[in-house]
Amino acid sequence: MSKVKSQSDLRQAVSHLEKGEWQAAHAIVQEDEESRLFCWAHGIAHIMEGDRSNARYWYRKAGRPFDEGTAAAAEIKALKSEIGL
């Protein structure tokens with residue numbers, strides 16, 4: 001069972017993603033499997049890892065489109081915009 005994490009946790013995960021620290025981001029985002037934004041960040045971590053099939057799963061949970069052109073850098077930028085960073 002996942003626990004709901006805070007916006008500051010999400011901001012910290014995004015900061016890790018920006019630095020290419022997908023493992024650190026993953027450790028944070030995997031703690032909240034209900035939040036659409038955390039699922040989106042979880043998917044981005046898997047893109048960075050190179051596991052696109054797992055990323056596709058998290059994007060589906062987040063209600064986000066995902067295809068061969070989905071790139072981590074653009075997604076991080078879009079996520080930052082959505083959360084006001």
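This is a short tutorial dialogue on reading helix packing and buried residues in a predicted model.

User: Let's start with the helices. At what angle do H3 and H5 cross, and how do I read that angle?

Analyst: Happy to. Angles run from 0 to 180 degrees between N-to-C directions, and over 145 counts as roughly antiparallel. Here the axes of helix H3 (residues 36-49) and H5 cross at roughly 160° and come within 10 Å. H3 is therefore roughly antiparallel to H5. The crossing of this pair is left-handed.

User: Which residues of H3 and H5 meet?

Analyst: From H3, look for Arg36, Leu37, Trp40, Ala41, Ile44, Ile47 and Met48. Their partners in H5 are Ala72, Glu75, Ile76, Ala78, Leu79, Glu82 and Ile83. Sorted by character, the residues of this contact are eleven nonpolar, three charged and no polar.

User: How does H1 pack with H5?

Analyst: You can read it by the same steps. Helix H1 (residues 7-18) packs on H5 at an angle of about 155°, and the two axes are 11 Å apart. That angle is over the 145 cut-off, so H1 and H5 are roughly antiparallel to each other. H1 also passes H5 in a left-handed crossing. Gln7, Leu10, Arg11, Val14, Leu17 and Glu18 of H1 meet Ile76, Leu79, Lys80 and Ile83 of H5. That contact divides into six nonpolar residues, one polar and three charged.

User: Now for single residues. Is His42 buried or exposed?

Analyst: The value to look at is relative accessible area, where under 20% means buried. His42 has 3% relative accessibility, so His42 counts as buried. You will find His42 in helix H3. Leaving aside neighbours within four places in sequence, His42 is in contact with His26, Val29, Gln30 and Trp58.

User: What does the side chain of His26 do with the side chain of His42?

Analyst: The two side chains make a polar contact at 3.0 Å. His26 belongs to helix H2 (residues 22-29). His26 also counts as buried, because its relative accessibility is 16%. Not counting residues up to four places away in sequence, His26 touches His42, Ala45 and His46.

User: How should I read sequence distance against distance in space, say for His42 and Ala27?

Analyst: Put the two numbers side by side. His42 and Ala27 are 15 residues apart in sequence, and their C-alpha atoms are 9.3 Å apart in space. For another pair, Phe66 and Asp32 are 34 residues apart along the chain, with 20 Å between their C-alpha atoms.

User: Where is Phe66 found, and what does Phe66 contact?

Analyst: Phe66 is in the loop between H4 and H5. Being in a loop does not leave Phe66 exposed here: its relative accessible area is 16%, so Phe66 is buried. Beyond its neighbours within four places in sequence, Phe66 is in contact with Ile47, Arg52, Ala55, Arg56 and Tyr59.

User: Where is Thr70, and what does the side chain of Thr70 reach?

Analyst: Thr70 lies in the loop between helix H4 (52-62) and helix H5 (72-83). Its side chain reaches the backbone nitrogen of Asp67 at 2.9 Å. Thr70 has a relative accessible area of 9%, so Thr70 is buried. Again leaving aside neighbours within four places in sequence, the contacts of Thr70 are Ile47, Arg52, Tyr59, Pro65 and Glu75. Try tracing Ile47 on the model: Ile47 is in contact with Thr70, with Phe66, and is one of the H3 residues that meet H5.

Definitions and conventions: Residues numbered from 1 in each chain as written. Predicted model: local features only at pLDDT ≥ 70, side-chain atom pairs only at ≥ 80, totals over all residues. Heavy atoms only, no water. Helix = DSSP H or I, 4+ residues; strand = E, 2+ residues; numbered from the N terminus. Buried < 20%, exposed > 50% of the residue type's maximum accessible area, 1.4 Å probe, protein only. Polar contact = N/O pair within 3.5 Å; in protein donor to acceptor, adjacent residues only side chain to side chain. Contact = heavy atoms within 4.5 Å. Parallel < 35°, antiparallel > 145°, perpendicular 65-115°, else oblique. Left-handed = near helix turned anticlockwise from the far one by under 90°. Nonpolar A, V, L, I, M, F, W, Y, C, P; charged D, E, K, R; others polar.
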